[in-house]
Amino acid sequence: MKYDVRLQLEYAYRPAAAAGRHLVHVAPTTIADSQRVVASSITFDPVPVERVDGHDFFGNAIVSVAFDEPHAMLKVGMSARVQVEAPGATFDVSPDITRLRREIAGVLSLAPDSPHHFSPASPRIGLDEDITAYAREAVAGAATVREMVRDFGQRIHEDFVFDAKSTEVDTAPKEAFELRRGVCQDFTQVMIAGLRGLGIPAGYVSGFLRTTPPPGKERLAGADAMHAWVQAWCGNQTGWVSYDPTNAVFSGEDHIVVAKGRDYQDVTPIFGVLRTSGRQRTAQSVDVIPV
């Protein structure tokens with residue numbers, strides 16, 4: 001499936017920010033055998049005094065920008081055409097959890113996709129006994145690691161309520177777990193915490209999701225938002241699989257990857273510092289349009 005993706009981020013500062021420096025993760029990346037970026041561009045208003053385009057440790061496209069003049073607003077625009085391949089038929093050849101632990105120990109690599117980066121606690125996701133116990137109960141009947149990922153994601157989907165007003169961007173997984181409410185970021189981080197507690201390496205994926213309006217309704221331009229889901233390492237033969245607990249599905253051709261990391265901190269759409277004494281307002285709009 002081929003998509004045109006458009007993103008607009010807007011930040012309003014009161015009073016105006018005197019200067020700023022930011023790292024920006026908003027552009028999709030090419031991933032072997034699953035996703036190809038045909039073209040993409042990122043624009044800034046005002047135009048930064050410094051701009052460096054590159055990739056971070058995990059291979060995500062990143063832009064570093066700096067501003068040295070007062071500005072009351074910052075607009076970030078991204079447009080891309082992306083080809084996403086539908087996953088083929090999958091046979092579950094993942095090991096059980098005991099063998100998975102042996103396979104993790106046998107991985108003698110610290111490459112960006114090494115499971116060792118995604119096993120311990122990370123800056124935003126700690127290991128929690130209650131979440132681990134919840135995950136253990138959810139996967140009690142699973143025979144393989146891939147089944148464990150599916151069963152745990154399905155349990156979160158069934159037990160949690162999607163509620164955009166219940167959490168904030170910095171809500172900890174423990175708090176979202178106790179509420180049993182939140183958004184895709186919360187569901188994803190709770191699932192990562194539980195999988196790591198079980199001994200399954202897991203990471204955070206940010207991106208876009210193609211959505212379909214209800215029957216008889218027109219699609220609203222700009223009404224979508226960025227999405228998040230989980231990647232889990234399921235052994236040497238299976239490798240990494242991705243699961244979307246918000247929608248209870250393994251990721252497919254409707255999921256467009258922007259960035260992968262240990263948690264939200266590694267893939268934040270825009271992260272940095274401002275020289276300001278005031279507050280800021282933010283707005284976001286996303287369009288994912290099949291070509």
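How do helix 2 and helix 3 lie relative to each other? Helix 2 spans residues 129–138 and helix 3 spans residues 145–159. Their axes come within 8 Å and cross at roughly 110°. Angles of 65 to 115 degrees count as roughly perpendicular, so helix 2 and helix 3 are roughly perpendicular to each other. The model described here is a predicted one.

**The helix contact**

Helix 2 brings Tyr134, Ala135, Glu137 and Ala138 to the contact. Helix 3 answers with Asp151, Phe152, Arg155, Ile156 and Asp159. By class, the residues of this contact are 5 nonpolar and 4 charged, with no polar ones.

**The pockets**

Rolling a probe the size of a water molecule over the atoms shows where empty space is left. Two pockets are set out below.

| Pocket | Volume | Lining residues | Nonpolar | Polar | Charged |
|---|---|---|---|---|---|
| Largest pocket | about 1,300 Å³ | 40 residues | 22 residues | 13 residues | 5 residues |
| Second largest pocket | about 820 Å³ | 30 residues | 13 residues | 12 residues | 5 residues |

Take the largest pocket, with about 1,300 Å³ of space. Of its lining residues, Val169, Gln185, Tyr264, Pro269 and Gln284 are the closest to its centre. Several elements each supply at least two residues of the lining. Two of them are helices: helix 5 (184–198) and helix 6 (264–267). The strands include strand 1 (2–17), strand 9 (202–209) and strand 10 (227–233). Strand 14 (270–275) and strand 15 (279–290) also belong to this group. Which strand gives the most to the lining of the largest pocket? Strand 14 does, with 5 residues.

Now the second largest pocket, at about 820 Å³. Ser34, Pro87, Trp240, Val241 and Ser251 are the lining residues closest to its centre. Strand 10, strand 11 (240–244) and strand 13 (255–261) each supply at least two residues of its lining. Strand 10 also supplies at least two residues of the lining of the largest pocket.

**Salt bridges**

Side chains of opposite charge can pair when their charged atoms come close. How many salt bridges does a search of the whole structure find? The search finds 14. One salt bridge joins the side chains of Asp287 and Arg6, at 4.0 Å from N to O. Asp287 lies in strand 15 and Arg6 in strand 1, so this pair ties together parts that are 281 residues apart in sequence. Strand 1 and strand 15 appear in the pocket account too: each supplies at least two residues of the lining of the largest pocket.

Terms used
Residues are numbered from 1 along each chain as its sequence is written. This is a predicted model: local features need pLDDT of at least 70, side-chain atom pairs count only at pLDDT 80 or more; totals for chains, interfaces and linings use all residues. Side-chain values use heavy atoms; hydrogens and water are left out. On a 1 Å grid over the protein atoms alone, a cavity is a set of points where a 1.4 Å probe fits but cannot get out, and a pocket is an open set with protein on both sides within 12 Å along at least five of seven lines; lining residues have an atom within 4 Å of a point. Grid points are joined across faces, edges and corners, and a volume is the space filled by probe spheres set on the points. Helices (H or I, at least four residues) and strands (E, at least two) are DSSP runs, numbered from the N terminus. Ala, Val, Leu, Ile, Met, Phe, Trp, Tyr, Cys and Pro count as nonpolar, Asp, Glu, Lys and Arg as charged, and the others, Gly among them, as polar. Axes are lines fitted to C-alpha atoms, for helices over the stretch in contact, and angles run from 0 to 180 degrees between N-to-C directions. Angles under 35 degrees count as roughly parallel, over 145 as roughly antiparallel, 65 to 115 as roughly perpendicular and the rest as oblique. Contact means heavy atoms within 4.5 Å.
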